[in-house]
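This report looks at salt bridges and at the solvent accessibility of the residues that form them.

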Amino acid sequence: MKMIVGLGNIGPQYDGTRHNTGFMVVEQFAKSHDISIKTRKMNAKYGSGFVNNTKVMVVEPTTFMNDSGMAVRPLMDYFDIPVEDIIIVHDDMDLPVGKIRIKDKGSAGGHNGIKSIIASVGTENFDRIRVGIDHPDHGNTVVNYVLGRFSKDQTPVFKQAADHAVNALDDWIDGMSIPDLENQYN
């Protein structure tokens, strides 16, 4: 089984915010494959289904972003999913809106959700799709920016990036290697 984890914050006040980019992408992926993300346990909301004959679990941690690892590790253990079969989708301020970057390992790069997963899983060697949200303008704090919504100009650009991320997830499930995914999508 493959596990796709989108990172974000729970609660209606966070719906559609830049920091919930991971949730938005995995929800779009799940909808495109008729996977319902409704089961709640082990600090997560999740659903599963088959995509091209591969069983796939789509996960949204119900912890806040900074504790995402509290959901990822228990699910990996319970369903016996090795780290090479997980991929994390999250926002990234170091990328402009509309860009995605795929990688198979690396540091957290200051992202607290990734820091939590690295600490819980015990390695930084897991696949990721980073979705650009850009840096805040001068005078806007990072917290206000990531918890804000995409501007009218950014929204269609973000939607295009989300489409690319969903396509990349499909290719990842189909077994495309990370270097090939990087060449195609980065």
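Buried here means under 20% relative accessible area, exposed means over 50%, and partly exposed lies in between. The model is predicted, and a search of the whole structure finds four salt bridges, of which some are described below.

## A bridge between strands 3 and 4

Glu60 forms a salt bridge with Lys45, and the closest N and O atoms of this pair are 3.4 Å apart. Because Glu60 lies in strand 4 (residues 54-61) and Lys45 in strand 3 (residues 44-51), the pair ties together parts that are 15 residues apart in sequence.

With a relative accessible area of 3%, Glu60 is buried, whereas Lys45, with a relative accessible area of 21%, is partly exposed.

## A bridge within helix 2

Arg73 and Asp77 are also joined by a salt bridge, in which the closest N and O atoms are 3.0 Å apart. Both residues lie in helix 2 (residues 69-79), where they are four residues apart, about one turn of the helix.

Arg73 is partly exposed, its relative accessible area being 28%, and Asp77 is partly exposed as well, with a value of 47%.

## A bridge between strands 5 and 7

A salt bridge brings together the side chains of Arg130 and Asp92, with an N to O distance of 2.5 Å. This pair links distant parts of the chain, since Arg130 belongs to strand 7 (residues 127-132) and Asp92 to strand 5 (residues 86-92), 38 residues apart.

Arg130 counts as buried at 17% relative accessibility, and Asp92 likewise counts as buried, at 10%.

Terms used: Residues are numbered from 1 along each chain as its sequence is written. This is a predicted model: local features need pLDDT of at least 70, side-chain atom pairs count only at pLDDT 80 or more; totals for chains, interfaces and linings use all residues. Side-chain values use heavy atoms; hydrogens and water are left out. Helices (H or I, at least four residues) and strands (E, at least two) are DSSP runs, numbered from the N terminus. Buried means under 20% relative accessible area, exposed over 50%, partly exposed in between (1.4 Å probe, protein chains only).
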